[in-house]
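Q: Hi! Could you walk me through this structure? I'm new to this, so plain words please.

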Amino acid sequence: MIRLIFFALVLSLLACQPSNKPADDSAADDFETFYQKFHSDSAYQMEHIVFPLPGLPAEVDSTTLKAGAFKWQKENWKLHKDLGDNPEFKQEFVALTDDIIIERLSHKRMENVGITRRFSKIGGEWHLIYYAGLNYFE
């Protein structure tokens, strides 16, 4: 739990740092193209996930959280759909670097409940590198 709180603190500090780099529209377009294809093409989605995928199951219990070693497996992966257009949800993207983007999708009425995904550019292509299912945020 302490590691999770520490990571959340470091992540929030990094997200609040001002960027001196100009916005790169081609990088944004590149990620947007990937993001759309990731949600519309199931084979593409499976090819762009780093399995076993670190993360947390939905409604994680304290034992799993404390162990800190949960991994999603290819065999039981449920395909993700894009929920960004759903008016009940709020979608936020934070670019930590040019090659790492964090997505947080939360319910508008309960903003402390949602999912977190991390994407990274590996070998010139975007991949899902972390997924925490529906849980309460700290």
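A: Happy to! Let's begin with two strands: β1 and β2 pair in the antiparallel sense over 2 bridges. Strands here are DSSP E runs of at least two residues, helices are H or I runs of at least four, and both are numbered from the N terminus. Two strands pair if DSSP finds at least two bridges between them.

Q: Which residue is the bridge partner of proline 54?
A: Lysine 71 in β2.

Q: And where does this model come from?
A: It is a predicted model, where local features need pLDDT of at least 70 and side-chain atom pairs count only at pLDDT 80 or more, while totals for chains, interfaces and linings use all residues. Residues are numbered from 1 along each chain as its sequence is written, and side-chain values use heavy atoms, with hydrogens and water left out.

Q: Cool. What is the order of the strands in the sheet?
A: The open sheet has 6 strands in the order β2-β1-β6-β5-β4-β3, with mixed pairing. At its edges stand β2 and β3, each with a single partner strand, so one side of each has no neighbour in the sheet.

Q: New topic: how many salt bridges are there?
A: The whole structure has 4. A salt bridge here is a side-chain nitrogen of Lys or Arg within 4 Å of a carboxyl oxygen of Asp or Glu. One of them joins lysine 121 and aspartate 30, at 2.6 Å from N to O. Lysine 121 is in strand β5 and aspartate 30 in helix α2, so this pair ties together parts 91 residues apart in sequence.

Q: Is there one with glutamate 103, and which residue is its partner?
A: That would be arginine 117, with the closest N and O atoms 2.7 Å apart. The pair links strand β4, where glutamate 103 lies, to strand β5, which holds arginine 117.

Q: Are those two buried or exposed?
A: Both glutamate 103 and arginine 117 are buried. Buried means under 20% relative accessible area, exposed over 50%, and partly exposed in between (1.4 Å probe, protein chains only).

Q: And how many aromatic pairs?
A: There are 16. Rings of Phe, Tyr and Trp (its six-membered ring) pair if their centres lie within 6.5 Å; planes under 30 degrees apart are stacked, over 60 edge-to-face, and the rest tilted. The rings of tyrosine 35 and phenylalanine 119 have centres 6.1 Å apart and planes at 70 degrees, so they are edge-to-face.

Q: Where do those two sit in the chain?
A: Tyrosine 35 is in helix α2 and phenylalanine 119 in strand β5, 84 residues apart. Both are buried.
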